[in-house]
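Here is a quick tour for anyone meeting this protein for the first time. Keep the 3D view open and follow along.

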Amino acid sequence: MARTDYKAMLANRMEQDFSGWHAQQHVLEREVYRFLHTMKGTAGTIGLMELSGFCGKQLEFFAEDSTAVLPVESLNPLMETLKAFFTSEEPVLNETLSAELISAKESFVLVIDADAMFAASIKESLEEQGISVVIALDGKKGMELFFSLQPQMVILDRNLPDTDGFDIVTQIQEAAPNRFLPIAVISADDRIENQIRAMELGATDFIAKPLNMSFFVPYVHNRLRSEEAISKRTFYDELTGAGNEQVERDVRRHLNIVVVDDDALVRKLILKQFAGWKPEEFDVRIEEYADGASFVESKWYKPEENYMILLDGVMPKMDGLEVLNHLRSQYPHENIVISMLTSRSNESDIVLALKNGADDYIVKPFYAQEVVARVQRLTMRMFK
């Protein structure tokens with residue numbers, strides 16, 4: 001499909017929405033908000049950054065939960081402005097997934113910290129440097145992600161809501177006693193006794209908050225290079241062991257990638273990128289759902305298989321957080337990784353998603369190639 005086809009598809013869908021508004025003569029304010037929210041994410045995803053930015057600014061003038069009814073004629077200036085974006089020659093993304101991106105050496109860090117915004121700032125800074133980061137807001141979730149995703153480095157706060165950070169260091173050391181894994185304990189309480197305790201338990205470093213990011217990013221790169229060099233000299237993996245665990249691993253050789261998003265264009269872009277991925281280690285199956293309700297009501301789950309679910313945060317019928325709560329209350333955690341796809345990036349949304357069981361979040365607009373590469377890095381670790 002030519003790159004410009006995505007722009008034409010988005011323009012056609014927009015015109016259909018406008019036709020529906022004109023037919024009704026009135027439209028709910030929250031429907032306009034949802035329309036702009038979707039346009040912002042999709043436009044950015046296909047490379048129409050000016051349109052994405054414009055829609056983001058317009059969201060400030062409409063309320064998501066409003067029950068007000070707006071006359072369509074009052075929206076004419078907005079609709080005309082949006083139409084004008086499609087007469088320009090703004091470049092659209094290259095939809096070909098580069099070999100360099102997909103084959104790049106992965107760097108993967110687990111951050112365990114109850115301060116979602118602090119953890120998110122680390123995630124943003126490191127991912128700008130090509131280092132994937134997954135966040136856990138408590139120790140229980142942190143250990144789940146540690147075992148399922150096998151990070152190359154762990155950064156954890158001394159004080160966690162459900163356990164002592166030092167206990168997490170101990171659990172990690174007990175799980176992988178012979179593996180070199182950089183563990184950085186971070187804390188605002190940098191008393192010498194805390195630093196000594198961290199070293200005694202096996203942490204690699206103790207770093208005081210607030211972090212100096214101009215130092216912290218090179219520091220993480222340094223520790224990851226050390227981990228890579230040492231790992232190359234080892235031929236075993238204490239996290240997975242052998243015997244019965246290996247038999248179970250051989251049985252579970254299927255990965256199901258499930259895309260749940262009400263935006264057909266986003267689904268199409270993501271599925272197109274995944275279509276060419278044929279890993280030797282396992283079989284990949286791809287499914288898509290247009291809304292959360294149809295996904296939840298389907299017979300999608302098989303306990304012997306693994307799942308990577310890309311879940312849109314804002315959908316009709318059943319909100320992404322409702323779907324997330326259902327999944328985490330009804331299904332096991334160990335074979336289901338959930339990443340939220342959302343245009344929202346404020347603190348409350350990130351906290352809600354992570355506290356309700358999301359393993360990761362990707363903020364729209366995003367490039368489909370980057371989403372695919374990120375999913376590949378996460379899921380490949382499930383089969384190590």
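## Phe146 and its neighbour in sequence

Let's start with Phe146, which counts as buried because its relative accessibility is just 1%, and the cut-off for buried is under 20%. Keep in mind while you look that this is a predicted model. Phe147 is another story: with a relative accessible area of 45%, Phe147 is partly exposed.

How are the rings of Phe146 and Phe147 arranged? Their centres are 5.5 Å apart and their planes meet at 75°, so this is an edge-to-face pair. That label follows because plane angles over 60 degrees count as edge-to-face.

## Ser148 and Gln150

Move along to Ser148, which sits in helix α7, residues 139-149. Is Ser148 buried or exposed? Ser148 counts as buried, since its relative accessibility is 18% and anything under 20% qualifies. A polar atom of the Ser148 side chain lies 3.0 Å from the backbone oxygen of Glu144. Leaving aside residues up to four places away in sequence, Ser148 touches Glu334, Arg381 and Met382.

Gln150 is found in the loop between α7 and β5 (153-157). Gln150 is buried too, with a relative accessible area of 6%. Its phi is near 50°, a positive value in a residue that isn't glycine.

## More aromatic company

How many aromatic pairs does the structure hold? The count is 16. One of them joins Phe54 and Phe85: the ring centres are 5.3 Å apart and the planes are at 40°, so this pair is tilted. Phe54 belongs to helix α3 (residues 49-58) and Phe85 to helix α4 (residues 76-85), so the pair ties together parts 31 residues apart in sequence. Phe54 and Phe85 are both buried.

Elsewhere, aromatic residues gather into a group. Tyr289, Phe295, Trp300, Tyr301, Tyr307 and Tyr331 form one aromatic cluster. There are also rings with a charge over them. Look at Lys123, whose charged end sits over the ring of Tyr361, 4.8 Å from the ring's centre. Lys209 does something of the kind with Phe118, lying over the face of that ring at 4.2 Å from its centre.

## Lys209, Pro210 and other backbone oddities

Lys209 is worth a second look. A cis peptide bond links Lys209 to Pro210, with omega at about 0°. Pro210 is in the loop between β7 and α10 (213-231). For background, most peptide bonds are trans, and most residues other than glycine have a negative phi.

Gln25 is a case of positive phi: its value is about 70°, although Gln25 is not a glycine. Where is Gln25? You'll find Gln25 in the loop between α1 (4-24) and β1 (26-28). Gln25 counts as exposed, because its relative accessibility is 55% and the bar for exposed is over 50%.

## A parallel pair of strands

Now find strand β6 (residues 183-187) and strand β7 (residues 205-208), which pair in the parallel sense over four bridges. Within this pairing, Val185 stands opposite Phe206 in β7. How does the chain get from β6 to β7? The route runs through helix α9 (residues 192-201), and this β-α-β crossover is right-handed.

## Leu311 and its contacts

Strand β10 (residues 306-312) is home to Leu311. At 0% relative accessibility, Leu311 counts as buried. Which residues does Leu311 touch, not counting those up to four places away in sequence? The list is Val260, Gly320, Val323, Leu324, Ile338, Ser339, Met340 and Leu341. Leu311 and Val258 are 53 residues apart in sequence, yet their C-alpha atoms are 8.1 Å apart in space.

## Stepping back

Zoom out to the whole protein, and the secondary structure comes to 16 helices and 12 strands. Of the 384 residues, 52% are buried. Contacts reaching along the chain can be counted as well: among those between residues at least 6 apart in sequence, 74% join residues at least 24 apart.

How values were computed: Residues are numbered from 1 along each chain as its sequence is written. This is a predicted model: local features need pLDDT of at least 70, side-chain atom pairs count only at pLDDT 80 or more; totals for chains, interfaces and linings use all residues. Side-chain values use heavy atoms; hydrogens and water are left out. Two strands pair if DSSP finds at least two bridges between them. Helices (H or I, at least four residues) and strands (E, at least two) are DSSP runs, numbered from the N terminus. A crossover is right-handed if, with the strands pointing away from the viewer, the path from the first strand over the helix to the second runs clockwise. Buried means under 20% relative accessible area, exposed over 50%, partly exposed in between (1.4 Å probe, protein chains only). A polar contact is a pair of N or O atoms within 3.5 Å; within protein, one must be able to donate a hydrogen and the other to accept it, and residues adjacent in sequence count only if both atoms are side-chain atoms. Contact means heavy atoms within 4.5 Å. Rings of Phe, Tyr and Trp (its six-membered ring) pair if their centres lie within 6.5 Å; planes under 30 degrees apart count as stacked, over 60 as edge-to-face and the rest as tilted. A charge sits over a ring if NZ of Lys or CZ of Arg is within 6 Å of the ring centre and within 35 degrees of the ring normal.
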